[in-house]
Amino acid sequence: IADVPSSILIYGESGTGKELIARSIHFSSIRKDRPFIAVNCAALNENLLESELFGYVKGAFTGAASDRMGLFEAADKGTLFLDEVDAMSKNLQVKLLRVLQDGTFFPVGSVRPVTADVRIIAATNQRLEEAIKTKQFREDLYYRLNVIRIDLPPLRERAEDIPLLARYFLARFGKRMDKHFRKISDDAMKILQAYSWPGNIREMENALERASVVAEADEIRIGDLPLSITPQAADLRQDWTLESVEREHIAKVLGLVGGNKKKAARLLGLDATTLWRKSKVE
């Protein structure tokens, strides 16, 4: 999809790397020598965002002392990344739709249209289909943006990526702090892979930076990880074997029937001899 001009919509939870994907697409495309410009639509109010995107002419509003080029014009022949596009007002959604339809827009305060060849990559962590139902997002704009859709899975659904990411961050932070880390201990890696990472890769990056700062050995250990992710260490040390679970279940059933092994055997679907043997182990 790198070289096709179609719009792309990237969906993913916060911290999954949506802008990284957008940059990767741009710098793998024929537009790579032209600008890649990113703007967070939720960071600016409607008027400021309109001025940023489309520019303005001198005298358009108080403080507009001269003409100013907008990001669409600055990104001509390149890529404009619109992060959190769901935060865009209905008024700006209409104007964005016009740009997507014919490549033209009007700077604030101008009656002269400007044309720009810009590839749009939008991103959101919200389900735009729901926003359409509540009339918060235009359906026609959604279909213009959603020509190609990329869904980024959260880190908790791709635990197999965690060792590679962890080693990458460790090497990066080690270089920055002039430390050489030989490895991440097996126990620490188990913690990293067991944690649910609600903040996704951004949270993991933060955790590895913290570990790099406090580590005193040449490997990252459990004690170097943030306390917020390490309580699960106790869970990992528990006996999770089927034998252990079976013993616990037998003990629970025996408790329910007041220790009557005949009743317990009937409930468990076991003969008395098997129950006696298993409960003896208990």
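Q: Over how many bridges do strand E1 (residues 8–12) and strand E7 pair in the parallel sense?
A: This is a predicted model, in which local features need pLDDT of at least 70, side-chain atom pairs count only at pLDDT 80 or more, and totals for chains, interfaces and linings use all residues. Residues are numbered from 1 along each chain as its sequence is written, and side-chain values rest on heavy atoms, with hydrogens and water left out. Strands (E, at least two residues) and helices (H or I, at least four) are DSSP runs numbered from the N terminus, and two strands pair if DSSP finds at least two bridges between them. Ile8 stands opposite Ile148 in E7, and the parallel pairing of E1 with E7 extends over 5 bridges.

Q: Which strands form the edges of the open sheet?
A: The sheet has 5 strands with parallel pairing, in the order E2-E3-E6-E1-E7. An edge strand here pairs on one side only. That description applies to strand E2 (36–40) and strand E7 (148–152).

Q: What is the average twist of the sheet from one strand to the next?
A: The open sheet of 5 strands is parallel in its pairing. From one strand to the next, its twist averages 20°.

Q: Which residue of E6 is the bridge partner of Phe81?
A: E3 has partners in both E2 and E6: E2 and E3 pair in the parallel sense over 5 bridges, while 4 bridges join E3 to E6, also in parallel. On the E2 side, Val39 stands opposite Leu82. On the E6 side, the partner of Phe81 is Ile121.

Q: How many of the 5 residues of E3 are buried?
A: A residue counts as buried under 20% relative accessible area, exposed over 50% and partly exposed in between, with a 1.4 Å probe and protein chains only. In a regular strand the side chains alternate between the two faces of the sheet. In E3, Thr79, Phe81 and Asp83 on one side and Leu80 and Leu82 on the other are all buried. E3 is therefore largely enclosed by the rest of the structure, the buried count being 5 of the 5.

Q: At about what angle to E1 does helix H1 (residues 18–26) run?
A: Angles run from 0 to 180 degrees between N-to-C directions, and axes are lines fitted to C-alpha atoms, for helices over the stretch in contact. H1 lies across E1, E2, E3 (79–83), E6 (119–124) and E7. Relative to E1, the angle of H1 is about 150°.

Q: Why does Arg31 count as buried?
A: Arg31 is found in the loop between H1 and E2. Among the residues that Arg31 touches (contact means heavy atoms within 4.5 Å) are His26, Lys77, Asp117 and Arg119. Arg31 counts as buried because its relative accessibility is 13%.

Q: Which residue has its backbone oxygen 3.1 Å from a polar atom of the side chain of Arg31?
A: A polar contact is a pair of N or O atoms within 3.5 Å; within protein, one must be able to donate a hydrogen and the other to accept it, and residues adjacent in sequence count only if both atoms are side-chain atoms. The side chain of Arg31 has such a partner at 3.1 Å, the backbone oxygen of Gly78.

Q: Which residue caps the N-terminal end of helix H2 (residues 46–54)?
A: Within H2, Leu49, Glu50, Ser51, Leu53 and Phe54 are buried, and their cover includes E2, H3, E3, helix H4 (90–102) and strand E4 (104–105). Just after H2, Gly55 takes a positive phi of about 75°. At the N-terminal end, a side-chain oxygen lies 3.2 Å from the backbone nitrogen of Asn47, and the capping residue is Asn45.

Q: Is the crossing in which H7 passes H8 left-handed or right-handed?
A: Helix H7 (residues 162–176) and helix H8 (residues 186–194) pack at an angle of about 115°, with their axes 10 Å apart. Ile162, Pro163 and Ala166 of H7 meet Met189, Leu192 and Gln193 of H8. A crossing is left-handed if the near helix is turned anticlockwise from the far one by less than a right angle, and right-handed if clockwise. The crossing of H7 with H8 is right-handed.

Methods. Lists of a residue's contacts leave out its neighbours within four places in sequence.
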